[in-house]
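Open the model in your viewer and keep the selection box handy. We'll go from stop to stop, and at each one you get something to select and a note on what is there.

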Amino acid sequence: MSAVGEVRTVARQSLWRNEFARGVIIQAAVAIALLALTVFLVHNTAVNLAKRGIASGFHFLENVAGFQPTFSLVPFDLATSTNGRVFLLGLVNTLVVSAIGIVFATLLGFIVGIARLSHNYLIRKLAAVYVDVIRNIPLLAQIIFWYFGVLSTLPNVRQSLNFLGFFFLNQRGLFMPAPIFEAGFWIIPAALVVGIIAAIVVYGWARRRQMLTGQQFPALSVGFALIVGLPVLADLGAGSPVTWSLPELKGFNFQGGMSVLPEFVALLLALSIYTAAFIAEIVRSGVQAVSHGQTEAARALGLRPTLTTRLVILPQALRVIVPPLTSQYLNLTKNSSLGVIIAYPDLVSVFAGTVQNQTGQAVECVAITMAVYLVISLLISAFMNWYNKHIALVER
Amino acid sequence: MAEITASTPHVALPDQPPPASEVGVVGWLRRNLFSSIPNTVLTLFALYLLYVIVPPLLNWAIFSANWQSGTSVKDCVWDGACWTMIRARFGILMYGFYPAEARWRVDVTFVLQFAAIAGLLIEGVPFKKYWAIFLFFIYPFVAFWLLYGGLGLPVIETASWGGLMLNLVLATTGIVLSLPLGILLALGRRSKLPIIRLLSVAFIEFVRGVPLITVLFMASVVFPLFMPEGVNFNKLLRVVIGIILFSAAYIAENVRGGLQAIPKGQYEGAMALGLNYWKMNGLVVLPQALRIAIPSIVNSFIGLFMDTTLVIIVGQIELLGMAQSSARDPNWLGTINTALAFVSMVFFIFCFSMSRYSQYLERKLYTGHKR
């Protein structure tokens, strides 16, 4: 090897062998490559949009949408409502079905999860079969089943299924009583707030007293009585300012009350039942993660089984349960986008679907939709981090 | 009665048998089902649930179901499931519109795939290394050649791919091709270089924060805008790219879980031997980390396999889509429940066996690492 070549190799190697310099070179190369790719894609997109005569930017949000979504919880008018309004409507529909779904999935999931740990053989096995079957069938098939397989085969309006005379289920959806607020109804929510605050105060006082004197006070039942009782008393005292409008069969359809679309019912059922199977597994593993010694120690101290569960097992199990539980909530919210298959007007269906189709502004629509889910997921993970810090074991 | 004398040794009488109510079937029932009043109520409730669900289901699916062959829903004379429809449309449900005379190619592809996977996973089968090399480096090209054609085989356009075959193709390519990308992302997330780490974290968290549907929308409506003029990507290819990017983020998190389980001593040992970054990871850390990550990667694969049904939304007709459109066929109106039952069974068989396998693996790996 010639001397010149050797010197050159040594010089090149020494730069490459320097860890810091190597890091800078690699990162600069990656950053430049990524930048070049971005410029390339942006340029292509601009050329393509210009060629197809598609506008860019967010002005389309102010244009009139010109279609009527089937289900709307925000005021919507066909003639004047804009694409921005459609976005809001889709967002509200997504959040509503997710929020109610989370409540039902949590209830069902905890019941099934506890049933998985039951001493009763039949209950235990039933819960296990539920979990295994539901988790291994695609959610989309379940949504289609509830919508086309169950709700479409319900009787027509005249032969509605009647529950207690208040709830009616038929092909057009679920009909139920709606509250009518008259003047002075604000006293009831006010009483509810007062009840909650009073319950918290009582709980704090009872805890302090127990710490000081060892005397117990039934804070839970008193708090419950305050939260439920005060609004009821307020309702009676103010002469029932809230009345209920009952659905009644008049002519070809129900009048009065509230109606819920079959798409909503189907999506809600499918999401709750599907997510509950995952929550059940989380609950089961959370409870099993608390070592048996904890139960034995609590019993040795003389705690009753209910108190053992409430004061010893549950707080420790929740520490294991909550992080994966929040990620299931996030999954449920993301999965609500599958409602598009049965035309539930959620964010993906009306905004990334219909508005995108009508305006052609695919980049903006898909980007906004993704951004919404990202924000939701960041909020949920921020909550999770806060909670984890709050309950983490303080060690050493 | 025998007379007891001083010389009689003390011999224990044989044990009395336990009471009849404590052993055998009765004892089991008492312990597990009727130990207390609340427990008895629960048992009765469970029995009632079983009574409401099981007999009608069995009746619908088996006893009053239609098993005979036929050409339209009129041939389904019994009021249970119309398996006749599945029989009539079995080919289309499995292969989509793949030409009937070429379906052997799909069969060969998947037989090869299952053989290679079985060779890799079943204990006691020799030559693991060669199975892996075949599966990850040779098989993808063979599969592409068999399914798509060329080099002597007639070309079959991806537009006619469909049914279960499409689910399997999407899930397998998704997982196989996203594995290297996922490993790189996981390494990037733990890298000491800030820009690399930032980019990896941003990508992983972005993808995990959005639903697969939006990624598929992006693949079907936004990707074409990104391409230079005149470049036209195959629609299925765009969907596959979307799925690969999506599952790479999840695989990255699985691999990261494995990486975190590796003790620091392994890194330090590798560095002390003078191995550079890639050799340290490739020869020491990753082989151990991936072994630990296999169960969660299998779980990701199950999730991905079920998620492949979502491609109907962007117009690719896989098994669920084929079943749905079969039930909409004028000849087979009203067979949606049969169609869904069939699809559910297919997915259940695949996913349940895979999840059992991953549980088995988890147990096996757990004991291996217990100290």
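The tour below starts with the ground rules and then moves through both chains.

This is a predicted model, so to speak of ground rules: local features need pLDDT of at least 70, side-chain atom pairs count only at pLDDT 80 or more, and totals for chains, interfaces and linings use all residues. Residues are numbered from 1 along each chain as its sequence is written, while chains are lettered from A and ligands numbered from 1 in the order in which they are written.

**Stop 1: domains of chain A**

Colour 3-51 of chain A as domain 1, and 83-177 + 246-391 as domain 2. These bounds come from an automatic or database domain assignment. Taken over C-alpha atoms, the centres of domain 1 and domain 2 of chain A are 47 Å apart.

**Stop 2: the strands of chain A**

Next, select residues 161-163 of chain A, which make up strand β1. Helices (H or I, at least four residues) and strands (E, at least two) are DSSP runs here, numbered from the N terminus. β1(A) runs antiparallel to β2(A), with three bridges joining them; two strands pair if DSSP finds at least two bridges between them. Look for A:L161, whose bridge partner in β2(A) is A:L169. The hairpin of β1(A) and β2(A) has three residues between the strands, and A:L164 there takes a positive phi near 60°.

Now add β2 (residues 167-170) and β3 (residues 173-176) of chain A, an antiparallel pair with three bridges. How many residues does the hairpin from β2(A) to β3(A) pass through? Two residues make that join. Click on A:L169 again: in β3(A), its bridge partner is A:L174. A:F168 has A:F175 as its bridge partner in β3(A).

Turn on side chains for β2(A). In a regular strand the side chains alternate between the two faces of the sheet. In β2(A), A:F168 and A:N170 make up the covered face, and A:F167 and A:L169 the uncovered one.

Then jump along the chain to residues 258-260, strand β8 of chain A, which is antiparallel to β3(A) and joined to it by three bridges. A:M176 has A:M258 as its bridge partner in β8(A).

**Stop 3: helix α7 of chain A**

Select residues 219-237 of chain A and put a distance between the end C-alpha atoms: they are 25 Å apart, which agrees with the 27 Å that 19 residues should span at 1.5 Å a residue. That expected span is 1.5 Å times one less than the number of residues. Where does α7(A) bend? The bend is at A:G229, by about 30°, and a proline, A:P231, follows within four residues. A bend at a residue is the angle between axes fitted to the seven residues ending there and the seven starting there.

Highlight A:L226, A:L230, A:P231 and A:A234, the buried residues of α7(A). Buried is for 20 or more other C-beta atoms within 10 Å of a residue's own, exposed for 12 or fewer, and partly exposed for in between, with C-beta atoms placed from the backbone. Show α6 (187-213) of chain A too, since it is included in what covers those buried residues. Just after α7(A), A:G239 has a positive phi of about 75°.

**Stop 4: where chain A touches chain B**

Bring chain B in: 45 residues of chain A are in contact with 43 residues of chain B. Contact is for C-beta atoms, placed from the backbone, that lie within 7 Å. On the chain A side, α2 (19-52), α4 (121-135), α5 (139-150), α11 (347-359) and α12 (362-391) give two or more residues. α2(A) gives the most, with 11 residues.

**Stop 5: helix α9 of chain B**

Select residues 212-226 of chain B, and you have helix α9. α9(B) bends by about 40° at B:A219. Because 11 of its 15 residues are buried, α9(B) is largely enclosed by the rest of the structure. What covers the buried residues includes α11 and α12 of chain A, together with α10 (235-260) and α12 (277-307) of chain B.

**Stop 6: two loops**

Most residues other than glycine have a negative phi, and most peptide bonds are trans. Go to A:A343, where phi is near 60°, a positive value. A:A343 lies in the loop between α10 (305-335) and α11 of chain A. Finish at B:F127, in the loop between α5 (103-121) and α6 (128-148) of chain B. B:F127 also has a positive phi, of about 60°. Buried or exposed? B:F127 is exposed, with 11 other C-beta atoms within 10 Å.

Definitions and conventions:
Contact = placed C-beta atoms within 7 Å.
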